Amino acid sequence: MRESGATGGRARPDAAEVGQLTEIWRYPVSSLAGERLASARLTLEGVEGDRACGIFTRDNGANIYPARDARWNAAPLASARLVDGRLEIKAGGGAWMAAPDAAERLTKVFGHAVELRAYGDADQPRYGRAPLHLLSQQALDSLRRHLPGSAIDARRFRPNLLVDLPHLAGDIPEYALLGREFTLGGMRLRGTVPCGRCGFTTLPAGELPQDPDILRALVRQYDRNFGIYCEVLDEGVIELGATLRLAAPPKRVVIVGGGQAGATSARALRRLGHAGPIRILAEERHLPYERPPLSKAGAPAAVILGAEEAARSGITVDLGTPAAALDLQARQVETAEGEVIPYDTLILATGGRARRLPGLNRGHGRVHALRLREDAERLWQVLQPGVRLFILGGGWIGMELAAAARRAGAEVDLFLRGDRLAPRVLPGIVADALADLHRANGVRLHFGADPAFEEHADRIACRSGGQDLSADHLLVAIGMVANDGIARRAGLDCADGIITDENGATRDPAVFAIGDVARPPGGRIESWQNAERQAETVARHILGLSPSPSEPPRFWSEQFGRRLQIIGRPSPEAPLVTEAEGFWDFGHFAIGLDRPEQIHRVARRMREAPRASTAAAPVAPVARRRHRLCASHELPEGALVRIAHPGHGPLCATRQNGRVHVTDDRCPHAVAALSEGFVDGGRLICPLHFAEFDLTDGGPHHAPEGCGALRIHPATERDGQILVDLPT
């Protein structure tokens, strides 16, 4: 397991040992006493052979009901057992008898003619019940304390499984299993509902006398319930002494921020297998949407997480619900309306707000910023042919809006305090090329300017370089300020952004930060791709999964119908290595104008460079832990099956020529489930781009450029079970 450092996340806890199986009971005939077993096979119906038969009256064929009808109250004094699959009955103090002969003995016991019949026929439907009744030793001890004069024995309550739960609290500690999966000897069960008890509990059973006080105590002290019902999730054999393990309850993840990073992290958590609650607190009243279209000619904002997907995925999105305070010690967030929301893991994705010029906006609606959907809608309403627009700032927002405004027919003046466009990012040769592109399309560029703007009711006045200029509107595009206030007030480390490690973890092990508000060691990158990458990284880190293969940073911008692409992390002072028309290669990054093929080649080079430099290095062994995957019969020859694993995520399993192969159920190159593909010639074929992966070593064949290998997980079969060794 990974250890938590000062800024690392908490490792995913293993299932804790909370108890042990002490008794196994089977009741081959309903209402009769059962048999105590050393081992039993569990099926989806419960203990194999349990309550398979019933006692029916001969005169009208009705199923008998002790406690409802006193004629049948002697039923628990008789016992039933299975010997090599053959039913035997013991009643009236006699010896064990085969079922056909035992009916006459039961008739004498009851004083009424009865017969034994197997459930399942149309005229003898099996009564509805939960598959397993589980009862704890602690519950029996609790009842003994309430009834010190009564003979409290598990046989009165007819459990299938009696367990000792010393590590769970409460008079009936098995209630902690309700609604949760647990394992018993490696087999998965789930607690469903409390087990209701009736008058049958008070009847004499064996040497136990009738005792109505027991039911009275159950009604008064235990709401008529005793023990719980469970459903069987895995079929197999259990034995006395089996360990009961209970996984930690699903973690509650709260995400503050309903933008791209926040919504994408929620989707990634669900896709990667997080089963606990996910709640997004979104300050805006819109469903999460992508921001890049806002600056591109008024393109509609694409919804990232729609209402239908959120409901289907079990993700709660609270719109118009800003977070106001964060309590790190109590692990809770307080909203602006005063609601206190607890969390186990918190993701801060609060983004940023546009920088503004102090004292400029006088409320006439002529000064604009661009950060929210409302900002874009308001701006595009006024960009008409003949309108003059001032833009302060030569970064990406300023350049893209200048281009979009010109295409809308507006006149544009772009003011830059520096001597080139995007001076903190672009080398001079690229900035000059973009400046030429803007001038060619009618943008008036004012370099080295220190303009003074003033808003009036009918215009924007500007004094710059000794000139008095006038425009209809002004866009202030001078960057953003990180919305880290809630983190700073809570005591997290901040510096125009929340300080994180490379995994998005803050110094509080339960709190992460992603997107524009996060400041990792390499500095903040304000881009669509970075928000996506950080969301995936944090989700995998929270779930204890291995990180995705590293990808070089990417960025793109559209201006005047030209697409500028950057691969790698640009530096304005980097020396030029090679140049072609519209393409500049600086070694550790490259920039192209409508040059996707060259950018793709550089991306491939960057991906392969780390591999080449470490090709001769020895491969460190991967620490793995063995897990149960499924029963052997659930994976027939030739099948390709998706199997969800709560800690690792979805797996893809197949059996070829009798051998089991297991890998992650995701293509290394695309978001595609390999379990939806097929196997041909010993290779697993991706359903999306038909890349082929060797089932032995995961090597790719006929795959897209840059496609990595599959992770193959060793698998074995033993005692009818398939086991897989997964990385810790």
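In this predicted model, a residue is buried under 20% relative accessible area, exposed over 50%, and partly exposed in between.

Q: Why does Cys-198 count as partly exposed?
A: Its relative accessibility is 41%. Partly exposed covers what lies between the 20% and 50% limits, so Cys-198 falls in that class.

Q: How many disulfides does the structure hold?
A: The structure holds 0 disulfides. For Cys-198, the nearest cysteine sulfur is that of Cys-195, 9.0 Å away. A disulfide needs the two sulfur atoms within 2.5 Å, so Cys-198 is in no disulfide.

Q: Why is there no bond from the sulfur of Cys-686 to the closest cysteine sulfur?
A: The closest cysteine sulfur is in Cys-667, at 3.9 Å. The cut-off is 2.5 Å, so this distance is too far for a bond. Cys-686 has 0% relative accessibility and therefore counts as buried.

Q: Why does Thr-264 count as buried?
A: Thr-264, in helix H4 (residues 260-271), has 11% relative accessibility. The limit for buried is under 20%, so Thr-264 meets it.

Q: What makes the link between the side chains of Thr-264 and Glu-532 a polar contact?
A: The distance is 3.0 Å, and the cut-off for a pair of N or O atoms is 3.5 Å. Leaving out residues up to four places away in sequence, Thr-264 touches Ile-304, Glu-532 and Ala-535.

Q: Why is the pair of Phe-390 and Phe-415 called edge-to-face?
A: The ring centres are 5.3 Å apart and the planes stand at 90°. Pairing needs centres within 6.5 Å, and edge-to-face needs planes over 60 degrees apart, so both conditions hold. The pair links distant parts of the chain, with Phe-390 in strand E26 (residues 388-392) and Phe-415 in strand E27 (residues 411-415), 25 residues apart. Phe-390 is buried at 0% relative accessible area, and Phe-415 counts as buried at 0% too.

Q: What makes the aromatic pair of Trp-396 and Phe-555 tilted?
A: The centres are 4.6 Å apart, with 45° between the planes. Stacked ends at 30 degrees and edge-to-face starts over 60, so 45° is tilted. Trp-396 belongs to helix H7 (residues 396-407) and Phe-555 to strand E37 (residues 554-559), 159 residues apart. Trp-396 has a relative accessible area of 17%, so it is buried.

Q: How do you know that strands E3 and E15 pair?
A: Strand E3 (residues 39-43) and strand E15 (residues 236-239) are joined by 4 bridges and run antiparallel. At least two bridges are needed, so the two strands pair. Ser-39 stands opposite Glu-239 in E15.

How values were computed. Residues are numbered from 1 along each chain as its sequence is written. This is a predicted model: local features need pLDDT of at least 70, side-chain atom pairs count only at pLDDT 80 or more; totals for chains, interfaces and linings use all residues. Side-chain values use heavy atoms; hydrogens and water are left out. Buried means under 20% relative accessible area, exposed over 50%, partly exposed in between (1.4 Å probe, protein chains only). A polar contact is a pair of N or O atoms within 3.5 Å; within protein, one must be able to donate a hydrogen and the other to accept it, and residues adjacent in sequence count only if both atoms are side-chain atoms. Contact means heavy atoms within 4.5 Å. Rings of Phe, Tyr and Trp (its six-membered ring) pair if their centres lie within 6.5 Å; planes under 30 degrees apart count as stacked, over 60 as edge-to-face and the rest as tilted.
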